[in-house]
Amino acid sequence: MSMSSHMGSMASSIVAFVLVLLLPKYLANNNNIGSTSVLNSDVDLLEFPLNLEFLETEFFLYGALGYGLDRVAPHLTKGGPPPVGATKANLDNITADIITQFGFQEVGHLRAIQHTVKGFPRPLLNLSSSVFAGVIKDAFGREITPPFDPYRNSLNFLIASYLVPYVGLTGYVGTNPNLNKPTSRSLLAGLLGVESGQDAVIRALLYERKEMTVEPYNITVAEFTERISELRNRLGRTDVTDEGLVVPIDLGAEGKVSGNVLSANQDSLSYGRTPAEILRIVYGNGNEGVAGGFFPKGANGRIARSYLVSRTAVQMNEAILRRSFLLFLFASLYNFWKYFLVGFAA
């Protein structure tokens, strides 16, 4: 075979390799286009919060009563799997009373959303103490001993509860401008009002204890909330949309106070988050396309699943790229061997 034929073969291999390099970017762009169109639907935007509502419902019901939706309102689960690791917390009477109310309020939220839109089955939830311990470890950037257990006592459960309603609250605030129908906005307003109330109660109970040391860590309640809020800001990959119970005075209301019983912006308006930002937080890894954290198999609904599909497509493209590179390398080595070694020997 002539040198020109060998060089032509190698050139063809290089062109094929370059095309494979461009393929992932092309497919990723198409996936992004599909995800954007999903976000414009009232139905999808109202269904997405069901993920957080399921999470809150099960956490509160189990924490207060030792059982959840499968006993209280099994039809609302739509056949979804039961949560993993949830258990009854060691709560004092007043905390148990409050959390019980929260749990049944969340049942109403699920029913209200499912009466408005079709909804979807309850996603698999991991509410085990190890997941909460992992969040606290990430918040402090180090192991704390013993690992944080939300079910250990009332204070721990309130700190764990600090993780939950506020994320849903910011999601409702972020969704509101994107809804079109008055009935959609009316439902969201009703949900937001109660979620805000729950968050305010939790923050007020913790604020009253802000200087209290959380045993056995020798860390104050205020520092726990500060670290958790900082973690959510990092995971969400946003500027400040989350604040602890005590802030620098310039971040307090009108720059006059450091107490921060309610988290709000410079005009004392609630912060908002997008679905992608929420998923990054509840997955615990800062990536809306990689399931984990409280949702080991990912959240449900078209919006959440679209991010997982996009991530899967990228992973498939990466695998194709690796295989194509190996084939290209093999073809190049074969051509080199055939021309320079066999050709010269002949």
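**Figure 1. Helix α8 packed against helix α9 in the predicted model.** Here we're looking at two helices whose axes sit 9 Å apart and meet at an angle of about 145°. In this pairing, α8 goes past α9 in a left-handed crossing. On the α8 side, the contact is built from P165, Y166, L169, Y172, V173 and T175. Facing them from α9 are L188, L191, L192, E195, S196, Q198, D199 and I202. Sort the residues of this α8 and α9 contact by class and you get nine nonpolar, three polar and two charged.

**Figure 2. Helix α3 meeting helix α9.** Now α9 (residues 182-208) turns up with another partner, α3 (residues 50-65). Their axes are 14 Å apart and the packing angle is about 45°, which makes α3 oblique to α9. As for handedness, α3 crosses α9 in the left-handed sense. The α3 residues to pick out are E53, E56 and F60, and they touch L191, E195 and Q198 of α9. By class, that contact of α3 with α9 comes to two nonpolar, one polar and three charged residues. If L191, E195 and Q198 look familiar, that's since the α9 side of the α8 contact includes them too.

**Figure 3. Helix α10 crossing helix α11.** For this view, go to α10 (residues 221-236), whose axis comes within 8 Å of that of α11, with a crossing at roughly 125°. The two helices are therefore oblique to each other. This time the crossing of α10 past α11 is right-handed. R232, L235 and G236 do the touching for α10, while E277, R280 and I281 do it for α11. Charged residues number three in this α10 and α11 contact, alongside two nonpolar and one polar.

**Figure 4. The cavity inside the model.** Search the whole structure for cavities of 30 Å³ or more and one comes up. The volume of the largest cavity is about 80 Å³. Which residues line the largest cavity? They are F48, P49, L52, G168, G171, Y172, T175, R273, T274, P275 and I278. Two elements, α8 (165-175) and α11 (275-282), give two or more residues each to this lining. The biggest share comes from α8, with four residues. The lining of the largest cavity splits into six nonpolar, four polar and one charged residue. Y172 and T175 do double duty: they help line the largest cavity, and they're also among the α8 residues in contact with α9.

**Figure 5. Two cis peptide bonds, each leading into a proline.** Most peptide bonds are trans, so cis ones are worth a close-up. What joins T145 and P146 is a cis peptide bond with omega of about -5°. You'll find P146 in the loop that runs between α6 (129-140) and α7 (154-161). A cis bond also links E215 to P216, and there omega is about 5°. P216 is in the loop between strands β1 (213-214) and β2 (219-220).

**Figure 6. R237 and its positive phi.** The backbone of R237 has a phi near 60°, a positive value in a residue that isn't glycine. Why single that out? Because most residues other than glycine have a negative phi. As for where to find R237, check the loop between α10 and α11. Those are the helices from Figure 3, with axes that cross at roughly 125°.

Methods:
Residues numbered from 1 in each chain as written. Predicted model: local features only at pLDDT ≥ 70, side-chain atom pairs only at ≥ 80, totals over all residues. Heavy atoms only, no water. Axes fitted to C-alpha atoms, helices over the stretch in contact; angles between N-to-C directions. Parallel < 35°, antiparallel > 145°, perpendicular 65-115°, else oblique. Left-handed = near helix turned anticlockwise from the far one by under 90°. Contact = heavy atoms within 4.5 Å. Nonpolar A, V, L, I, M, F, W, Y, C, P; charged D, E, K, R; others polar. 1 Å grid on protein atoms, 1.4 Å probe; cavity = no way out; pocket = protein on both sides within 12 Å on 5 of 7 lines; lining within 4 Å. Points joined across faces, edges and corners; volume = space filled by probe spheres on them.
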